[in-house]
Amino acid sequence: MVSCPSISDAYGVEAQLLRTFVTVARRGSFSAAAAELGYTQAAVSQQIAALENDLKTQLLNRRPVTPTEAGNRLLEHAEPILLRLDAARADVTRMTKSPPGTLVIGATPLAGAASALATALAELRRQMPRLEITVQITTRRQTAVAVARGELDLGLTDGLTAPGDPLMEEAPVTAVGLSEKHVRVVLPASHPLAARTTLCLPDLADARWIEAENVAPSLAEIRRHARTEGFRPALRYTGADVMSLISLAAAGHGLTLLPETVLRDSGITTVRVALPRLYHRVELLHAALPRRSPAAALTEILSKR
């Protein structure tokens with residue numbers, strides 16, 4: 001007679017070992033990981049030892065606590081696996097619970113600044129006047145991961161793409177393109193190129209730039225699309241306010257690249273990027289959408305615009 005292990009024996013324990021390993025690697029401490037996970041430090045040590053024994057290799061250096069080469073490779077696999085497991089649990093929960101009276105939306109600063117969201121929420125309020133709505137400003141990755149895990153009902157993200165190309169999402173979610181707009185370089189009025197009608201992005205590789213990856217496209221993303229090195233930061237802005245970034249660029253602290261939709265102030269000097277052909281794309285992210293839920297209703301409203 002063949003004895004088969006239960007699902008929990010075959011998969012549940014291994015997933016928990018992976019989660020413990022990822023937590024220890026992220027926190028750089030067995031005791032900190034134990035406190036976060038609600039285990040004793042001895043239990044965390046036993047789980048790491050069990051995982052290393054299973055894979056027959058050391059995954060963590062002990063002093064200091066850092067991943068080994070094999071541990072770093074496992075992290076590349078473990079984090080997406082755990083995220084997909086979290087996403088599966090969240091999807092099942094969404095489909096089996098009653099429609100909520102709340103809606104939590106995550107948005108990157110530029111996606112949240114677009115008028116489409118505010119207009120769509122106004123229409124949703126007319127349909128569901130008692131609905132409690134929360135809009136959280138987050139980074140692109142944070143938004144995608146939180147939607148996958150069920151921490152957000154919907155997400156709005158943005159980024160640079162070639163015409164018609166989707167953004168590359170880092171989580172198991174459904175992405176729906178909402179808009180594509182031209183991008184412009186924001187520069188001071190005294191800049192030698194301020195009188196131009198268009199610019200070629202590679203020509204600006206040696207200019208002074210502002211690194212503001214919480215708001216604008218990162219300089220790494222700009223380099224990738226321009227297919228050239230350069231684009232080094234003269235100033236780093238770590239905030240999430242679009243107008244503060246524009247003010248810094250207009251005052252000459254460095255160039256920045258933004259969509260036309262947020263550059264309505266006639267006092268700001270901007271020049272459209274002609275080459276390469278780039279657009280600022282906004283996408284709506286969602287997981288399972290239960291019928292009659294606020295998330296499904298808002299998705300329908302935004303998708304029709």
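Start at Glu36: with a relative accessibility of 38%, Glu36 counts as partly exposed, a class that sits between buried (under 20% relative accessible area) and exposed (over 50%), using a 1.4 Å probe and protein chains only. The model is predicted, so local features need pLDDT of at least 70 and side-chain atom pairs count only at pLDDT 80 or more, while totals for chains, interfaces and linings use all residues. Residues are numbered from 1 along each chain as its sequence is written, and side-chain values use heavy atoms, with hydrogens and water left out.

**Stop 1: Glu36 and its partner**

Keep Glu36 selected and add Arg26. The two form a salt bridge, with the closest N and O atoms 2.5 Å apart. A salt bridge here is a side-chain nitrogen of Lys or Arg within 4 Å of a carboxyl oxygen of Asp or Glu. Arg26 belongs to helix 1 (residues 7-27) and Glu36 to helix 2 (residues 30-37), so the pair ties together parts that are ten residues apart in sequence. Helices (H or I, at least four residues) and strands (E, at least two) are DSSP runs, numbered from the N terminus. Arg26 counts as exposed, at 52% relative accessibility.

**Zoom out: the whole chain**

Show the full chain. Ten helices and twelve strands appear in it. The C-alpha atoms fill a box of roughly 80 × 50 × 35 Å along the principal axes. Of the 305 residues, 43% are buried. The chain exposes about 16500 Å², and carbon and sulfur atoms supply 51% of that area. Accessible areas come from the Shrake-Rupley method with a 1.4 Å probe; for residues, only the protein chains shown count as cover.

Now think about contacts, meaning heavy atoms within 4.5 Å. Among those between residues at least 6 apart in sequence, 74% join residues at least 24 apart.

How many salt bridges does the chain hold? The count comes to 13.

**Stop 2: along helix 4**

Select residues 69-96, which make up helix 4. Pick Arg73 and Glu76. Their side chains meet in a salt bridge (3.6 Å, N to O). Both lie in helix 4, three residues apart, about one turn of the helix. Both are exposed.

Stay in helix 4 and move to Asp86. Is Asp86 buried or exposed? At 17% relative accessibility, Asp86 counts as buried. Leaving aside neighbours within four places in sequence, Asp86 is in contact with Arg19, Ala148 and Arg149. Display Arg19 and Arg149 as sticks: with Asp86, they are linked in a network of salt bridges.

**Stop 3: strand 12**

Select residues 279-286, the run of strand 12, and find Glu283 there. Glu283 is buried, with a relative accessible area of 1%. Add Arg281. Arg281 and Glu283 form a salt bridge, the closest N and O atoms being 2.7 Å apart. Arg281 is also buried, at 12% relative accessible area.

Next, show the backbone of Leu167. Its nitrogen lies 2.9 Å from a polar atom of the Glu283 side chain.

Which residues does Glu283 touch, not counting those up to four places away in sequence? They are Gly155, Leu156, Thr157, Pro166, Leu167, Glu169, Ala175, Val176, Gly177 and Leu178. Select this set together with Glu283 to see the surroundings of the side chain.

Methods:
A polar contact is a pair of N or O atoms within 3.5 Å; within protein, one must be able to donate a hydrogen and the other to accept it, and residues adjacent in sequence count only if both atoms are side-chain atoms.
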